[in-house]
Amino acid sequence: MAKAKRKYVCQACGSESNRWQGQCDDCGEWNTLAEEASATVFELKHHLHSGGRAVELSGLNSDIKLPDRASTGISEFDRALGGGLVPGSATLLGGDPGIGKSTLLLQAAANLARRGLSVAYISGEEAVDQVRLRARRLGLGDAPVQLAAATSVRDILTTMGQGAPPALLVIDSIQTMHSDLIEGAPGTVSQVRASAQELIRFAKERGTALMLVGHVTKDGTIAGPRVLEHMVDTVLSFEGERSHQYRILRASKNRFGGTDEIGVFAMVEDGLTEVGNPSALFLTDRAEQVTGATVFPALEGTRPVLVEIQALTVRLSSGATPRRAVVGWDSGRLAMILAVLEARCGLSFSTAEVYLNIAGGYRISDPAADLAVAAALVSALAERPLPSDAVLFGEVALSGEVRPVAHGALRLKESAKLGFSRALVPPSVKGQAGISTQEFRTLANLVDHMLGRP
């Protein structure tokens, strides 16, 4: 093995010398050179124990200042972000084509620019004139947003490095960016990873809030490497059906806030507008009682949203296999509820087709919807409508037990605010002013109550 070389490092200024001398040539201090062993070429190539620079370590009890957030001027957007944009953060926004990603970011960029902040909008898919025409259509033509159409990451970073960095940099989209350090066409795994890494490094070093727009695949996940989601600080998903008016902005990752908050928007002629009362979008006219329809107070973060669950059963006279169709809920959980109704409540769905739909295109993942789904199925099978002023929530176990769920008081408070006067709930749920509660310990008790059994 090669012999380790010696070097002499000045303890005052850090300059290095190949031989010892009394005075440092750089700082002029006397007797400050100390002998150190330098790594050989062999060592530098085969391990990482030396050759780098020491990093500063700090304790957990060190004082730290909370990051200053910049409001986008769109309260629903700020809610999903956790309170606003954090300088130096990187956010990835994904969604189906035409869902409104560019519209939302253009509105947020215009609001920030009108408040005197520097904002740059880089479009890799549209020309500058196209972005400008959209801004005029949205009434944002007077906002001082700096626009550019570019796909080269080197050109973008060179431009951003001239003068003061912008407070917000929007890249629409990351799949169109190209880095000349990596071979391959834009949109490939290596190009997306390399381009995002360079842009995120710029944002961290210069304190710029970075917004990356990402395409999605057919199953709704963000296209490109999964590592892209680990590189950014926040991952937002813009959900909704193009045939429906509403849009939901949901965070699946957020290093600066929670992932249980959502922002609700409605697409109108003037762009995206905030929805202060989301329940109005998902509740239909309930003037007439309809079989198979129940109301469930879903909880998204700290915001209750009342949605309507619709069920339909069709008896089959032949021996054909009945169909189970679900829209907006988990099909596996529907099979579990049907099994509990048959095994614990004595109801038969084996010869009936079952259709379940969440009104308005809403998607529910809250297990508290079990009781409302079961009631809708029983109402559709027995053709007995539930009272139109009632809401239901509770988790159903395989034993048929109705289990309590979190934030029952908050769900009841929102239901009472929207005019509902009764709630069918699990035990130990505290009532609220303006709404009465009826507790059910098992699903069989609820079925007996709905069917009038003694």
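Is R333 buried, exposed or partly exposed? Let's work that out below, keeping in mind that this is a predicted model.

**Exercise 1. Classify R333, then describe its salt bridge with E395.**

Solution.
- Step 1: start with R333. Its relative accessibility is 23%. Buried would need a value under 20%, and exposed one over 50%, so R333 counts as partly exposed.
- Step 2: do the same for E395. At 24% relative accessibility, E395 counts as partly exposed too.
- Step 3: check the distance. The closest N and O atoms of E395 and R333 are 3.7 Å apart, and the cut-off for a salt bridge is 4 Å.
- Step 4: place the partners. E395 belongs to strand β18 (residues 395–396) and R333 to helix α9, so this salt bridge ties together parts that are 62 residues apart in sequence.
- Step 5: look for shared partners elsewhere. K204, D233 and R255 are joined into one network by salt bridges that share partners.

**Exercise 2. Work out how helix α9 sits against helix α12, and list the residues in the contact.**

Solution.
- Step 1: get the geometry. Helix α9 covers residues 331–345 and helix α12 covers residues 443–451; their axes come within 10 Å and cross at roughly 80°.
- Step 2: name the arrangement. Angles of 65 to 115 degrees count as roughly perpendicular, so α9 is roughly perpendicular to α12.
- Step 3: find the touching residues. Helix α9 supplies V340, L341, R344 and C345, while α12 supplies L443, A444 and V447.
- Step 4: sort them by class. The contact of α9 with α12 has six nonpolar residues, one charged residue and no polar ones.

**Exercise 3. Repeat the analysis for α3 and α4, then follow R134 out of the contact.**

Solution.
- Step 1: take the axes. Those of helix α3 (residues 101–114) and α4 come within 11 Å, crossing at roughly 70°.
- Step 2: that angle makes α3 roughly perpendicular to α4.
- Step 3: list the contact. S102, T103 and L106 come from α3; V131, R134 and A135 come from α4.
- Step 4: count the classes. There are three nonpolar, two polar and one charged residues in the contact of α3 with α4.
- Step 5: follow R134. It forms a salt bridge with E126, with 2.6 Å between the closest N and O atoms.
- Step 6: compare the accessibility of the two partners. R134 is buried, with a relative accessible area of 10%, whereas E126 is partly exposed at 22%.
- Step 7: see where α4 lies. Helix α4 (residues 128–137) lies across β5 (119–123) and β6, and runs at about 140° to β6.

**Exercise 4. Trace the nine-stranded sheet and find its edges.**

Solution.
- Step 1: write down the order. The open sheet runs β6-β5-β7-β8-β4-β9-β10-β11-β12, with mixed pairing.
- Step 2: pick out the strands that pair on one side only. These edge strands are β6 (146–149) and β12 (271–274).
- Step 3: check the turn between neighbours. Ignoring direction, neighbouring strands are turned by 25° against each other on average.
- Step 4: zoom in on one pair. Strands β4 (residues 90–95) and β8 (residues 209–214) pair in the parallel sense over five bridges. In β8, L210 is the bridge partner of A90.

**Exercise 5. Describe the salt bridge between R154 and D180.**

Solution.
- Step 1: the side chains of R154 and D180 meet at 2.6 Å, N to O.
- Step 2: locate both ends. R154 lies in helix α5 (residues 153–160) and D180 in the loop between β7 (168–172) and α6 (189–206), so the pair ties together parts 26 residues apart in sequence.
- Step 3: classify them. R154 is partly exposed at 45% relative accessibility, and D180 is partly exposed at 46%.
- Step 4: put the pair in context. A search of the whole structure turns up 13 salt bridges.

**Exercise 6. Classify two loop residues, T32 and P387.**

Solution.
- Step 1: T32 sits in the loop between β2 (16–17) and β3 (33–38). Its relative accessibility is 14%, so T32 counts as buried.
- Step 2: list the neighbours. Leaving out residues up to four places away in sequence, T32 touches V9, C10, Q11, A12 and C24.
- Step 3: P387 is in the loop between α10 (370–382) and β17 (390–392). With 26% relative accessibility, P387 counts as partly exposed.

Methods: Residues numbered from 1 in each chain as written. Heavy atoms only, no water. Axes fitted to C-alpha atoms, helices over the stretch in contact; angles between N-to-C directions. Helix = DSSP H or I, 4+ residues; strand = E, 2+ residues; numbered from the N terminus. Parallel < 35°, antiparallel > 145°, perpendicular 65-115°, else oblique. Contact = heavy atoms within 4.5 Å. Nonpolar A, V, L, I, M, F, W, Y, C, P; charged D, E, K, R; others polar. Pairing = 2+ DSSP bridges. Buried < 20%, exposed > 50% of the residue type's maximum accessible area, 1.4 Å probe, protein only.
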